[in-house]
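Visitor: I have a structure to look over and would like to talk through how its helices pack. Can we start with the terms?

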Amino acid sequence: MNWKADADETPQILKDFLTYHETIRGHSKNTVDEYFLDLRTFFRYLKLHRGLVPRATELENISICDVDLDFVRTVTLSEVYDYLSYLSRDRVKNQHSRSAEYGISAASRARKIASIKSFYKYLTGKAKLLTENPVQDLDSPKIPKTLPRYLSLEESQQLLSAADGKNRARDYCILCIFLNCGLRISELVGLNLNDVRPDNLRIRGKGDKERVVYLNDATKAAIDDYLTVRRGIAAVDRNALFLSNRRTRLSRETIHSIVKKTLLKAGLDAEKYSAHKLRHTAATLMLQNGVDVRTLQELLGHEHLNTTQIYTHVDSGALRGAASANPLGNFRPDRQTGQGETEDD
């Protein structure tokens, strides 16, 4: 979804905010589009909640063209909490699913709240259109902490060995880059031929920030093998590194499909793992084998160290070792001399 494709249905106050984030803040198109979708849903809910459209109107059919400064100025904290309640209880999880499930996750709600807070911070701090921020004290939903799922070393080797078929060189190369370099799927999709150097890849990460990821021997060999095939293809997109059977740049959906298909061939749980879990796997394996967390932060393109530190909690071996090292680990009172006697004995 590109917000500019819906520009005629977008109020000026929202256009200005989105343009600011795209041109001044340098946020990626995906991030700006998410802001648009989040705020559009919020404004649609408010119009329905305030009785500005008939109660029977479907949320997706509500126009936000008439949303202006007066409309957003009158938003109250109470209305935002009502909106949060709607998201957690009544919002359909997947708009395209045949079976409707209601209530989106805490993480999704937190993202939508972050969009709202960013919008009002812009109106008060940058645009100077408001003097008071009605959502300044808004709390975000508490997100349950979960450990990332990842493949073991043996499972990773199984997955790499399972790549086959007419696109084996391409699919193996993709899996190899995921598991050795820890790229995001959007970063892999965006790779161009001129991003490949003799010993590294130039990566464009979130917010169009560039970083260099160095290649080990296995990944260099996989890229070289694929490039031999790639050079013989008359590509529609001449710049794209990875091509579909139609000779166009591989999409996110196709890469997800490649990963799922190969997981099944490897005898691994395709429901449990995904392309993003391969990024978790790369991070975990490197951390377990001596890479320090700050180096890992740079390699993964994390802006904040606390994002990377989740991987420091996934190695149960270190925790098991700490338990064994406790000097009380072998102490049992019933094995001590004289235990079991009473004063009367």
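Guide: Two packed helices are described by the angle between their axes and the distance between the axes. The axes are lines fitted to C-alpha atoms, over the stretch in contact, and the angle runs from 0 to 180 degrees between N-to-C directions. Keep in mind that this is a predicted model.

Visitor: Fine. At what angle do H7 and H11 pack, and how far apart are their axes?

Guide: The angle is about 45 degrees and the axes are 6 Å apart. H11 covers residues 275-288. Angles that fall outside the parallel, antiparallel and perpendicular ranges count as oblique, so H7 is oblique to H11.

Visitor: Which residues meet there?

Guide: From H7, Leu175, Phe178, Leu179 and Asn180; from H11, Ala275, Leu278, Thr281, Ala282 and Met286. By class that contact has seven nonpolar and two polar residues, with no charged ones.

Visitor: And H7 with H9, at what angle do they cross?

Guide: Roughly 155 degrees, with the axes coming within 9 Å. H7 is residues 168-181 and H9 is residues 217-230. An angle over 145 counts as roughly antiparallel, and H7 and H9 are therefore roughly antiparallel to each other. Their crossing is left-handed.

Visitor: What does H7 put into that contact, and what does it meet in H9?

Guide: H7 brings Ala169, Arg170, Tyr172, Cys173, Cys176, Ile177, Asn180 and Cys181. In H9 they meet Ala218, Thr219, Ala222, Ile223, Asp225, Tyr226 and Val229. The classes are eleven nonpolar, two polar and two charged. Asn180 also appears in the contact with H11.

Visitor: Switching to the start of the chain. How do the axes of H1 and H2 cross?

Guide: H1, residues 12-24, and H2, residues 29-49, have axes that come within 9 Å and cross at roughly 160 degrees. That makes H1 roughly antiparallel to H2. The crossing is right-handed.

Visitor: Which side chains are we talking about, by residue name?

Guide: Leu14, Phe17, Leu18, His21 and Glu22 in H1, against Lys29, Val32, Tyr35, Phe36, Leu39 and Phe43 in H2. Eight of the residues in this contact are nonpolar, one is polar and two are charged.

Visitor: New topic. How many salt bridges are there in the whole structure?

Guide: A search finds 15. One of them pairs Asp38 with Arg111, with the closest N and O atoms 2.6 Å apart. Asp38 sits in H2 and Arg111 in H5, residues 106-126, so to speak a link between distant parts of the chain, 73 residues apart.

Visitor: Last one: what is the mean pLDDT?

Guide: For the protein chain it is 85, and 85% of the residues reach 70 or more. Residues 96-100 are below 50 and have zero contacts beyond near neighbours in sequence. Residues 339-345 are also below 50, with three such contacts in the model.

How values were computed. Residues are numbered from 1 along each chain as its sequence is written. This is a predicted model: local features need pLDDT of at least 70, side-chain atom pairs count only at pLDDT 80 or more; totals for chains, interfaces and linings use all residues. Side-chain values use heavy atoms; hydrogens and water are left out. Helices (H or I, at least four residues) and strands (E, at least two) are DSSP runs, numbered from the N terminus. Angles under 35 degrees count as roughly parallel, over 145 as roughly antiparallel, 65 to 115 as roughly perpendicular and the rest as oblique. A crossing is left-handed if the near helix is turned anticlockwise from the far one by less than a right angle, and right-handed if clockwise. Contact means heavy atoms within 4.5 Å. Ala, Val, Leu, Ile, Met, Phe, Trp, Tyr, Cys and Pro count as nonpolar, Asp, Glu, Lys and Arg as charged, and the others, Gly among them, as polar. pLDDT is the predictor's confidence in each residue, from 0 to 100. A salt bridge is a side-chain nitrogen of Lys or Arg within 4 Å of a carboxyl oxygen of Asp or Glu.
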